[in-house]
Amino acid sequence: MLDVFIWLIAIELIGLLAFPVAFSLLPWLPDRGYSLTKPLGLLLVFYPLWLLGSTQVIPNGVLTIALIMVMLAAVSLLIVWLRQNEMAAFVGREWKFLVLTEVLFLSVFAIWVYIKAFDPAIDHTEQPMDFAFLTTSSTSLHFPPRDPWLAGESVSYYYFGYLMMGGLATLTGIATSISYNLALALIPAMAAVGAFGIGSGVVRLVGGSIRASAVTGLVAALLLVGISNMESLFEFMRASGVDSVRLWEWVDIKGLDGPSVSSAWYPTESGWWWWRATRVIDTVQGGTSLDYTITEFPFFSFLLGDLHPHVMSIPFVLLFSGVVLNLFVSPEKLGLRWVRRNAGVVLFLGVALGATGFINLWDLPTMATLFGAAVIVKAYRQRGTLVGTLAAAAPVVAVVVPLAVLLYLPFYATFGTSAAGILPVDPTTGNPQYVTRYFHFVVVWGLFLLVALPFLLWELGALLRRRGRSPRTALLAVGIPLLPLAAWALVEGVLVWDPSEMPGLVWGRFVHVLPLLALLVAAIYVLLRRQRDPEESPARGFALLLLAMAFLLLLGPELFYVVDVFNNRMNTVFKLYYQAWVFLALASSFALYYLGVRFARSGPLLRIAGYGWIAVMAIAVAAGLYYPAAATYTKASGLGGEATLDGLAYVEQQNVDEFLAIQWLRENSSSRDRILEAVGRDYIAQTSRVSASTGIPTVLGWPGHEEQWRGSRRPFEGREEAIQTAYQSTSMDRVEEILREYELTYVYVGPRERAEFGRPPLEGFEILEPAFLSGEVAIYRYRG
């Protein structure tokens with residue numbers, strides 16, 4: 001419990017230090033950025049730490065972090081002194097809202113601390129990988145961090161999220177095995193208050209009441225972090241014994257093949273039934289997945305417990321979205337003069353945008369597109385002509401987006417990727433030929449569509465009833481969504497190069513994506529029309545912009561996929577859908593507020609229709625809330641048993657000798673050490689566990705993941721054979737040669753090594769001295 005309070009004090013202090021900066025840089029947000037101060041504070045502390053650590057001169061450590069925090073405190077105190085009257089007036093006016101923000105943060109944090117206390121083990125899926133990166137980010141003296149699973153190399157992955165969470169572990173002195181689970185509680189808490197701040201802020205900016213804005217903010221937080229897709233409805237039906245062969249065949253979700261009656265309120269079938277909600281979109285033949293995709297959503301991510309970049313990035317995506325909202329609603333005219341006069345804001349935009357890519361590279365192009373679109377729409381509102389719009393927007397985008405890359409250049413200079421380009425989703429060229437079935441799409445996005453459709457229809461109806469038409473706006477609204485389809489047709493034409501086939505291919509794909517195109521056209525049309533109305537608040541346009549961005553992201557995987565080692569659209573669907581969930585949660589909260597206000601003012605016929613809509617929404621929301629409750633109860637073993645936040649407590653129960661060995665290495669190793677252990681096996685938590693738990697690099701950890709990160713097996717060719725030789729060779733000279741080649745200081749001999757290699761001859765070599773002995777576990781120190 002003490003660790004929880006220390007962690008909380010650290011993040012609250014960091015957020016408090018960042019508030020004056022937010023207050024100064026985000027003057028057009030109703031809460032002055034208070035809901036975004038915690039991710040902002042992490043960025044203001046750990047971006048300088050990364051820069052200093054990347055010099056290879058100034059070390060990563062608690063002293064460096066403390067000095068950065070002192071400098072941040074000095075800057076913040078100066079801002080407070082200069083703006084004390086303004087800040088005091090703001091706090092006096094908004095204190096209730098600030099308290100509500102903190103209550104929400106602490107509530108979500110406490111909920112997830114409680115859940116993780118009964119489900120702490122770092123023992124499945126890719127948790128060991130995340131744990132390894134977290135630990136090495138905390139223990140490495142400089143950046144990029146050492147790769148714990150490829151001795152002598154640095155991490156070839158986007159690691160800024162791990163650096164920040166590992167930095168918190170360093171600052172607080174909390175073991176990374178505990179910090180791992182505290183981070184998994186911190187991220188949804190920061191995400192919830194970020195969504196709350198943006199959702200409530202938009203309502204206040206359009207003139208909504210304090211109460212309405214608070215409710216809207218809470219709805220945004222719920223939609224983002226507390227609800228699931230509609231697959232949970234079928235889980236409930238399955239557990240309730242619904243038995244219809246035709247129904248389950250038509251649903252066609254892998255694993256949902258009929259009833260599995262439960263005697264409890266939650267599914268009691270064996271295995272991870274809750275996993276199916278993230279594998280909805282698929283083409284299954286004979287039980288085999290042909291279009292294996294991932295439809296993960298935030299609540300599932302938090303429950304699963306993988307500390308992945310796409311999870312850690314959520315608060316920072318919200319941070320940058322809030323920064324864009326502040327720019328979008330500001331009355332300042334954009335252009336080159338704006339760039340010159342607002343150098344600090346431009347720098348801040350570059351740092352915040354660049355951070356999204358450093359945390360999760362998939363986010364950089366999406367957030368850059370959001371920024372560019374926001375700038376263009378704002379300029380369009382101010383200028384009204386195409387030439388004027390481009391003249392005002394181009395300097396801003398041309399400075400901020402490259403700056404976002406330049407500010408993180410040391411990362412990009414050392415980063416390698418397995419991505420090999422972008423290709424069309426296409427049935428004729430051997431590329432992924434499967435597209436999303438409409439029903440599966442509705443299962444994933446049904447709740448948000450139930451909000452977006454009536455919102456857009458109402459907006460369209462209101463605009464079309466007005467006098468005057470805007471053919472230019474209509475042409476833009478139709479033309480912009482057709483650009484991705486035109487790009488698909490162009491690339492497809494080059495690949496197919498058969499004029500007789502192209503018309504049919506293009507028409508077929510057009511028909512398939514027509515519903516999404518229609519939604520995108522509607523969102524863009526309403527956005528552009530509303531932005532040209534000087535009496536309309538630009539904040540409404542921001543909600544529409546998020547909605548359009550979400551539809552664009554959902555359209556993407558039906559046309560293109562990123563080529564990677566899997567050579568399918570799995571990761572493309574996964575990452576773009578995840579981003580769309582964030583945007584839709586924010587936009588839908590405003591849409592619900594908008595519809596609520598309109599229904600309250602409507603006539604009896606519309607009210608009757610509204611009640612019908614509310615009934616359908618209630619079913620969808622109930623289904624979306626059933627999953628979090630049932631899945632949590634299932635995965636956390638009924639929230640019973642002994643509570644702990646130590647992710648390695650299970651190791652102590654399974655193998656106390658290995659647990660003690662890990663503890664010994666944590667206390668006695670240095671940043672120069674390297675260790676020999678058996679080659680890891682991907683997704684097997686018991687392998688490469690010593691290096692993952694201590695951050696001490698081993699010769700080779702999970703080979704499959706190293707191949708994914710580095711694009712080939714060439715960087716670790718021969719290492720597996722060298723490890724086998726080291727453990728099995730009877731030649732002391734040959735073993736010493738291997739130890740010297742990989743600069744190893746320790747040799748670990750535990751249950752896996754003995755199971756794989758028998759009793760290693762090296763245990764009797766005089767070049768190795770016993771450093772730790774406990775039961776069947778031994779650690780030898782190389783004397784060389």
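**Exercise 1.** How many residues of the lining of the largest cavity are nonpolar, how many polar and how many charged?

*Solution.* The model is a predicted one.
- Step 1: Start with the size. The volume of the largest cavity is about 80 Å³.
- Step 2: List the lining. It consists of His-310, Ser-313, Ile-314, Val-317, Asn-360, Trp-362, Asp-363, Lys-575, Tyr-578, Gln-579 and Val-582.
- Step 3: Assign the elements. α13 (314-329) and α23 (570-601) each give two or more residues to this lining. The largest share, four residues, comes from α23.
- Step 4: Sort by class. The lining of the largest cavity divides into five nonpolar, four polar and two charged residues.

**Exercise 2.** Describe the second largest pocket by volume, lining and supplying helices.

*Solution.*
- Step 1: The space in the second largest pocket is about 590 Å³.
- Step 2: Its lining has 25 residues, and those nearest the centre of the pocket are Ala-373, Ile-376, Val-377, Ile-480 and Ile-524.
- Step 3: At least two lining residues are supplied by each of α16 (363-383), α17 (386-406), α20 (471-496), α21 (502-531) and α22 (538-555).
- Step 4: By class, the lining of the second largest pocket has 19 nonpolar residues, five polar and one charged.

**Exercise 3.** Work out where Ile-187 sits and which residues it touches.

*Solution.*
- Step 1: Ile-187 belongs to helix α7 (residues 176-205).
- Step 2: Is Ile-187 buried or exposed? Its relative accessible area is 0%, so Ile-187 is buried.
- Step 3: Leaving out residues up to four places away in sequence, Ile-187 touches Phe-302, Leu-307, Val-311, Met-312 and Pro-315.
- Step 4: For a distance across the model, take Leu-545, which is 358 residues from Ile-187 along the chain; the two C-alpha atoms are 25 Å apart.

**Exercise 4.** Show that the buried residues of α30 and of α29 each line one face of their helix.

*Solution.*
- Step 1: Recall the helix repeat. An α-helix has 3.6 residues a turn, so residues three or four places apart point the same way.
- Step 2: In helix α30 (residues 732-741), the buried residues are Val-735, Glu-736, Ile-738 and Leu-739. Viewed down the axis of α30, these fall within an arc of 155°, so they line one face.
- Step 3: Turn to the face of α30 away from its buried side: the exposed residues Asp-733 and Arg-740 are found there.
- Step 4: Find the cover. The buried residues of α30 are covered by elements including α29 (719-728), β6 (746-749), β7 (768-774) and β8 (777-782).
- Step 5: Repeat for α29, where Arg-719, Ala-722, Ile-723, Ala-726 and Tyr-727 are buried. Their arc, seen down the axis of α29, is within 125°, so they too line one face.
- Step 6: The buried residues of α29 pack against β5, α30, β6 and α31 (751-757).
- Step 7: Look past the end of α30. Glu-743 follows α30 and has a positive phi, near 55°.

**Exercise 5.** Which strands are at the edges of the open sheet of four strands?

*Solution.*
- Step 1: Write the order, which is β5-β6-β8-β7, with mixed pairing.
- Step 2: β5 (675-676) and β7 each pair on one side only, and these are the edge strands.
- Step 3: Examine one pair. β7 and β8 run antiparallel and are joined by six bridges.
- Step 4: Across from Arg-781 in β8 stands Glu-769.

How values were computed. Residues numbered from 1 in each chain as written. Predicted model: local features only at pLDDT ≥ 70, side-chain atom pairs only at ≥ 80, totals over all residues. Heavy atoms only, no water. Buried < 20%, exposed > 50% of the residue type's maximum accessible area, 1.4 Å probe, protein only. Arc of directions from axis to C-beta. Contact = heavy atoms within 4.5 Å. 1 Å grid on protein atoms, 1.4 Å probe; cavity = no way out; pocket = protein on both sides within 12 Å on 5 of 7 lines; lining within 4 Å. Points joined across faces, edges and corners; volume = space filled by probe spheres on them. Nonpolar A, V, L, I, M, F, W, Y, C, P; charged D, E, K, R; others polar. Pairing = 2+ DSSP bridges.
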